[in-house]
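Here are my comments on the model you sent, set out as numbered points. They begin with the nucleic acid contacts and then turn to the protein chain and a few individual residues.

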Amino acid sequence: MSAPMATGVPEYLVRLNAEQREAVETLDGPLLVLAGAGTGKTRVLTTRFAHLLMTGRAFPGQVLAVTFTNKAAREMRERVSAILGRPAEGLWLGTFHALCARMLRRHAELVGLTSGFTILDTDDQLRLLKLVMEAGGIDLKRWPAPGLMAQIQRWKDRGVSPNRITPAEDTDYASGKARPLYAAYQARLRDLNCADFGDLMLHMVDILRDHPEVLADWHRRFRYILVDEYQDTNLVQYMWLRLLAQGHKNICCVGDDDQSIYSWRGAEIENILRFEKDFPNARVVRLESNYRSTRPILGAASGLIAHNAGRLGKTLRAGRNDADGEKVRVVSLWDSEEEARMVGERIEVAQRSGHALSEIAILVRAGFQTRAFEERLITLGVPYRVIGGLKFYERAEIRDAMAYLRVLAQPADDLAFERIVNTPKRGLGDTAMRKMHEIARAEGIPLSSAAARLAQGGITGRARAALSELLHGFARWREALPRDGHVVVAATLLDESGYTEMWKQDKSPEAPGRLENLKEFLRALGEFETLTGFLEHVALVMENDENAADDRLSLMTLHAAKGLEFDTVFLPGWEEGLFPHSRAMEEGGEKGVEEERRLAYVGLTRARKHAIVSCAANRRIYGNWSSSIPSRFLDELPLEHIEREGSAGMARNRMVEMPSVFTGAGGLLARRPKVIEAGAWEVQARPVRADAIGVGQRVFHQKFGYGRVTGVEDDKLDIAFEKAGTKRVLDRFVEKA
DNA sequence: ATTTAAGGGCTTTTT
DNA sequence: GCCCTTAAAT
């Protein structure tokens with residue numbers, strides 16, 4: 001513990017405002033910190049953590065700190081270290097899933113697993129469930145597996161294992177067979193020594209519920225519990241927290257009911273609404289001083305969210321000295337293309353006046369909306385990045401490589417074996433696989449053993465040779481493992497199995513990138529002592545490098561934007577049906593609309609200085625043009641904080657004045673937005689692309705599709721397009737594919 | 001056993 | 001309008 005400051009108050013506390021300080025210094029008993037957007041939530045959480053250590057209230061290993069994302073966990077670790085002035089070691093700090101996995105490794109045998117269990121990805125989960133359903137004689141046409149998977153996940157989110165399903169929790173899926181199928185699926189997971197994501201939580205809760213001595217052990221360990229984003233916890237996470245908090249009752253949950261946007265993933269906003277009932281004598285501290293946004297942005301966001309019922313109630317106050325600023329712009333446009341043009345032009349104007357692109361974001365409701373903006377940004381030559389998309393470990397090549405290593409580590413891992421047995425193609429098709437399954441089922445042995453049996457005889461020459469080569473390979477690699485180490489063996493394995501070669505032969509544009517990813521995979525493997533440690537890391541923690549080293553604009557969904565902030569934020573597509581989304585309204589009714597409204601609130605509060613909301617009167621959805629009316633959320637923004645502009649009339653009841661969609665493209669193109677600052681249209685000199693395109697690069701062109709660069713001359717490219725033939729185009733019209 | 005055709009569906013996705 | 005999953009064709 002470092003010496004107290006001369007004043008008696010440590011420096012890290014002095015930097016806090018009164019409410020933040022109360023949240024940090026209230027150490028005993030349950031505490032709920034209601035932290036509005038931009039009120040210093042992370043600072044409170046990390047300072048509180050450090051304070052617990054600095055005051056000697058707890059050793060690092062006695063604090064359990066839970067986040068939802070790896071990113072949040074990493075950030076907290078870094079900031080706690082910064083306050084402590086040394087790396088924070090031995091912490092129980094991580095995501096719900098990572099922490100549960102860590103705990104479950106110690107108690108795996110209590111749920112019929114061994115500590116080396118494998119964590120399945122969603123792909124494996126579904127394949128396994130399909131096998132279980134087929135074995136159960138279910139007609140997969142009539143009862144698609146994803147439906148049952150969703151149901152099982154819902155059960156797991158609610159902490160319901162097969163034996164705990166009450167009639168109220170049951171479903172009529174597949175004429176009431178859901179429950180036995182769930183049980184069979186769990187049994188198969190156990191046999192394969194696997195756990196899916198939901199199991200990590202579910203098993204731990206079951207263990208803590210059923211084994212008081214285990215629970216008591218964890219109570220002895222954890223004296224303080226810190227929880228981030230409490231509004232996003234689901235029931236099983238709540239149960240887990242509650243069980244662990246029973247011991248010392250020192251649980252501090254930080255969250256914001258107004259930012260609960262994941263109910264469709266099982267998050268229960270009731271968890272935070274109920275906190276004071278669940279934890280008697282709980283203190284509640286509200287953080288309401290916002291240090292992020294201007295007064296008009298806060299006013300607009302507050303006015304909007306005030307339309308929700310059943311809130312815990314907070315009022316965001318502007319905490320900045322320079323909080324005065326521009327009103328929120330509400331721009332109405334003729335169609336989605338004009339909307340994209342408007343956003344693009346404003347970005348160019350901002351860019352020319354020195355605004356960093358990395359401080360601008362376009363936040364959309366649904367993924368398909370990004371396309372129009374991407375097209376626009378490409379033609380304007382504005383660098384951007386789309387946040388979201390596939391995670392590192394969700395890429396096919398990484399999953400394949402993982403599967404190889406899983407078979408190496410656990411020959412009985414049927415799912416992994418099945419994935420790689422014919423990847424690369426070894427001439428093992430349906431017939432060979434069926435035979436393998438038959439043997440495995442008949443003998444009650446793993447697939448790989450069945451394959452060995454099959455290689456002795458039972459299939460034809462070519463397939464047989466290929467199969468026995470693979471099996472001999474695994475025997476060899478496994479033998480080499482203790483001698484050469486996992487990194488070397490992994491590299492040889494991917495090489496000798498023909499897997500790397502498969503991608504080298506592949507002519508598709510993604511192939512080089514995939515080989516890169518495999519290199520990255522091997523490099524990351526080198527950072528781990530053991531194979532199993534690495535497999536867990538990849539399953540739970542590994543993520544994309546979206547580090548914004550270069551100056552690019554961000555394009556992402558509103559969901560992906562939670563927790564981020566930008567100087568300027570564009571919020572397009574505020575139209576009934578899209579935002580609030582019709583599905584959300586159909587499925588959730590008024591509750592659904594409220595969650596959409598929270599999403600709008602999240603979007604607005606991402607902006608520090610400028611927020612530009614827009615709606616289009618016409619939008620192409622699923623290929624068809626359809627007209628839409630402005631979102632009800634626009635009417636809910638307080639008039640004094642917004643400024644309306646636009647070419648396409650705003651009032652929701654004046655829609656009749658809108659020209660028909662069918663007036664044709666001429667009228668549509670002739671119409672120019674009146675919303676653009678003067679001069680914005682006279683854009684001549686485009687910046688040269690930062691990412692130079694070379695010969696051989698595969699590229700994408702909006703009009704001509706995919707092609708390969710055959711020549712480069714200044715900013716002009718000769719491209720052999722797959723469909724459109726050879727053309728010469730300006731480099732700014734293509735993107736790397 | 002791989003290639004091609006037809007069909008359905010389509011919001012968000014921290015782990 | 002597009003993309004992905006499953007069905008028949010060679």
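1. A polar contact is taken here as a pair of N or O atoms within 3.5 Å. The model is a predicted one, and with that cut-off in mind the side chain of Arg265 deserves a look, since one of its N or O atoms is placed 2.5 Å from a base nitrogen of DNA strand B. Arg365 also reaches a base, with a polar side-chain atom 2.7 Å from a base oxygen of DNA strand B. Arg583, by contrast, is paired with the backbone of the strand, an N or O atom of its side chain being 2.4 Å from a phosphate oxygen of DNA strand B.

2. Which elements give two or more residues to the surface near DNA strand B? They are α19 (430-443) and α27 (582-604), and of the elements it is α27 that gives the most, with four residues.

3. The surroundings of DNA strand B comprise 31 residues, of which the closest are Arg265, Gly367, Gly429, Thr557 and Arg583. Of the atoms of DNA strand B that come within 4 Å of the protein, 55% belong to sugar and phosphate. Sorted by class, the residues of this surface are ten nonpolar, twelve polar and nine charged.

4. DNA strand C has its own set of surrounding residues, namely Lys130, Lys141, Tyr622 and Gly623, and by class these divide into one nonpolar, one polar and two charged. Sugar or phosphate supplies 53% of the atoms of DNA strand C within 4 Å of the protein, and bases supply the rest. Two lysine side chains can be examined at the level of atom pairs: in Lys141 a polar side-chain atom is 2.3 Å from a phosphate oxygen of DNA strand C, while in Lys130 an N or O atom of the side chain is 3.2 Å from a phosphate oxygen of that strand.

5. Turning to the protein as a whole, chain A contains 29 helices and 23 strands, and 52% of its 737 residues count as buried. Its accessible surface comes to about 32600 Å², with 51% of that area belonging to carbon and sulfur atoms. Among contacts between residues at least 6 apart in sequence, 74% join residues that are at least 24 apart.

6. An unreviewed UniProt entry places the feature "domain: UvrD-like helicase ATP-binding" at residues 14-294. Over that stretch the chain is 48% helix and 12% strand, and the C-alpha atoms at its two ends are 25 Å apart.

7. The annotation "binding site", likewise from an unreviewed UniProt entry, covers Ala35, Gly36, Ala37, Gly38, Thr39, Gly40, Lys41 and Thr42. Of these, Ala37 is situated in the loop between β1 (31-35) and α3 (41-54). Why does Ala37 count as buried? Its relative accessible area is 2%, and the cut-off for a buried residue is under 20%. Leaving out residues up to four places away in sequence, Ala37 touches Asp256, Gln259, Asn290, Arg292, Leu316, Tyr601, Thr605 and Arg606.

8. Thr39 is also placed in the loop between β1 and α3, and Thr39 counts as buried because its relative accessible area is 1%. With residues up to four places away in sequence set aside, the contacts of Thr39 are Gln20, Leu287, Glu288, Ser289, Asn290 and Leu316.

9. Ser289, one of the residues that Thr39 touches, is found in strand β9 (residues 289-290). Ser289 is buried, with a relative accessible area of 11%, and the side chains of Ser289 and Arg317 are joined by a polar contact of 3.3 Å. Apart from neighbours within four places in sequence, Ser289 is in contact with Asn17, Glu19, Gly38, Thr39 and Arg317, and among these Gly38 and Thr39 are covered by the "binding site" annotation from UniProt.

10. A last residue to check is Ala184, in helix α8 (residues 178-191). Is Ala184 buried or partly exposed? Ala184 counts as partly exposed, because its relative accessibility is 30%. The C-alpha atom of Ala184 is separated by 8.7 Å from that of Gly136, a residue 48 positions away along the chain.

Methods: Residues numbered from 1 in each chain as written. Chains lettered and ligands numbered in written order. Predicted model: local features only at pLDDT ≥ 70, side-chain atom pairs only at ≥ 80, totals over all residues. Heavy atoms only, no water. Near = heavy atom within 4 Å. Polar contact = N/O pair within 3.5 Å; in protein donor to acceptor, adjacent residues only side chain to side chain. Nonpolar A, V, L, I, M, F, W, Y, C, P; charged D, E, K, R; others polar. UniProt positions renumbered as here; feature names shortened; annotations may be inferred. Buried < 20%, exposed > 50% of the residue type's maximum accessible area, 1.4 Å probe, protein only. Contact = heavy atoms within 4.5 Å. Areas by Shrake-Rupley, 256 points an atom, 1.4 Å probe, with all protein chains shown as cover.
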